Amino acid sequence: MRLVVIGAYTIEELQEHVVRCFSDVPPLPREPSSLNVIRKNAGTWDECVHSPLEDFGAPFPSKSLGSIYRIVPVKDRHSLNITWQIPPQRANWRAKPCDYIAHLLGHEAGGSLLSALKKESWVTACYAGVGTGGYENSSSHALFTLSFTLSEEGVTKWADICSYVYKYIGMIRFHCNSADGLPTWIYEELRAIQNVAYKYKDEKMPDALVEDVVENMMSGLPPTRVLDGNSLLFESDEGAIKDLLDNYMTPMNSRIDLISSMFGRESDEDSALSCPFGAYESIESLSIEGQSLQKEPMFEARYWSHPISKEVLKEWSLCASPQLPPTSSHLSLPPKNPYVPTKFETKQLPEDDGRHPLLHCALQVHAHLGNKQSWNPAKATKYNKTQNSILLLYPDGTEKWHILDNQHDSTHSEGSFDNESIKFKVVAKPDQDNCDFIVDADNDFPQIPPPSLQSHLPKLVSNDKVSLPSTNSSRPF
């Protein structure tokens, strides 16, 4: 048994609750199990459990491999799923070779599968990797799936899409067999991305967190890695990558699911499904000879299935052989990503943007305008800590720096600039959340928008009643 407890208590209080609630659970070994589970070092961190389910092997029967299943969806949908069954990957938690392969097959930059297939107008999205569910990643097997969202034309080109996939796999195998091997910067980049994702991931709810941790404890991770062992990369294992590509990600070890509403929809009448291909003659050319519509017994999904022809499988196998793809395929390894963050230190604020109580405050400034003295509105926008000066924004859009005569604090609502030649008073200041204004007592809040300052330029004299020289009409300018 594995137990994870999270609570807002001290360690001593948590231990007391755990002892009180779980002390009646009998220790191992308990009653013998009919599953013949073998345990070694029971009750310790080094416990090793072997279940007969681990010997069950891969879930797909041999007759479903190298075959295509055309499935009727419930609603409008076009997708292609290529699934390879591979050995269980829990022991590869340090290197995670499936993450490396999924990164290459699923990237979206230039030279990717998605980029090349988008140019053909066959595909709109691509996803790759091993899922986290128990049926995809278990102690007996793992399922690596490459999924495409298709256009209607892409449904008719499913075989060509698979050819592109195996060309890309052949290119990865070529680099694995070369003297230099796979580029190390791809691994370093992937590791950096996973580090950032783990460091800044959203905080989970307590119930979800304890479930994840207890599952990690059951998966064979050491105690020091139950939190991050399934999220981070710790080493590169090119041999494991090569083994998966050479021995498991092959045409004969794959199952293809082609799901399209071009075959009909479950929401349609049954009569609509009797002729699934409708007017799409290109799909009708790929119909199954001698195969009738079948129904899956549990969910009653309707489908047609048949083995892929040996000629097509042979062609795909040739594409997957270790070789560089032709230039016309536009396939290549992903380029370096210059935007992967590497520095996480807090950046210092610039000297001209330091904190000051007057920042973002609304002021009334008493200044000389010719022979007159008047109060005018302004807003403090920046503060220069080195020169002890503040930048004011005036209603006409002009900005001007003023030197503070003393260190202003939040308790004073008045002060002066530039050797007391300009006086000011605070009429409104932002609250702590910077989303509202607090108006000081006995002060009027400045008008919004503030009134324009009196200009010293001559005023433009205009007459909006002047009429056009016409005898038929008269319109003001």
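Contact means heavy atoms within 4.5 Å of each other. Keep that in mind for this predicted model, in which local features need pLDDT of at least 70, side-chain atom pairs count only at pLDDT 80 or more, and totals for chains, interfaces and linings use all residues. Residues are numbered from 1 along each chain as its sequence is written, and side-chain values use heavy atoms, leaving out hydrogens and water.

Start with the sheet. Seven strands (DSSP runs of E, at least two residues, numbered from the N terminus) build an open sheet with mixed pairing. Their order is β5-β6-β4-β7-β3-β9-β8. Two strands pair if DSSP finds at least two bridges between them. Strands β5 (123-130) and β8 (294-295) stand at the edges with a single partner strand each, so one side of each has no neighbour in the sheet.

Now look inside the sheet. Strand β3 (residues 67-71) and strand β7 (residues 254-260) run parallel, joined by five bridges. Here Arg-70 stands opposite Leu-258 in β7.

Next come the helices (DSSP runs of H or I, at least four residues). Helix α5 (residues 158-177) lies across β3, β4 (78-86), β5, β6 (142-150) and β7. The helix runs at about 40° to β4; such angles run from 0 to 180 degrees between N-to-C directions, with axes fitted to C-alpha atoms, for helices over the stretch in contact.

Helix α2 (residues 97-106) holds His-103. Is His-103 buried or exposed? His-103 counts as buried because its relative accessibility is 18%, and buried means under 20% relative accessible area (1.4 Å probe, protein chains only). Leaving aside neighbours within four places in sequence, His-103 is in contact with Ile-186, Glu-189 and Leu-190.

Definitions and conventions: Buried < 20%, exposed > 50% of the residue type's maximum accessible area, 1.4 Å probe, protein only.
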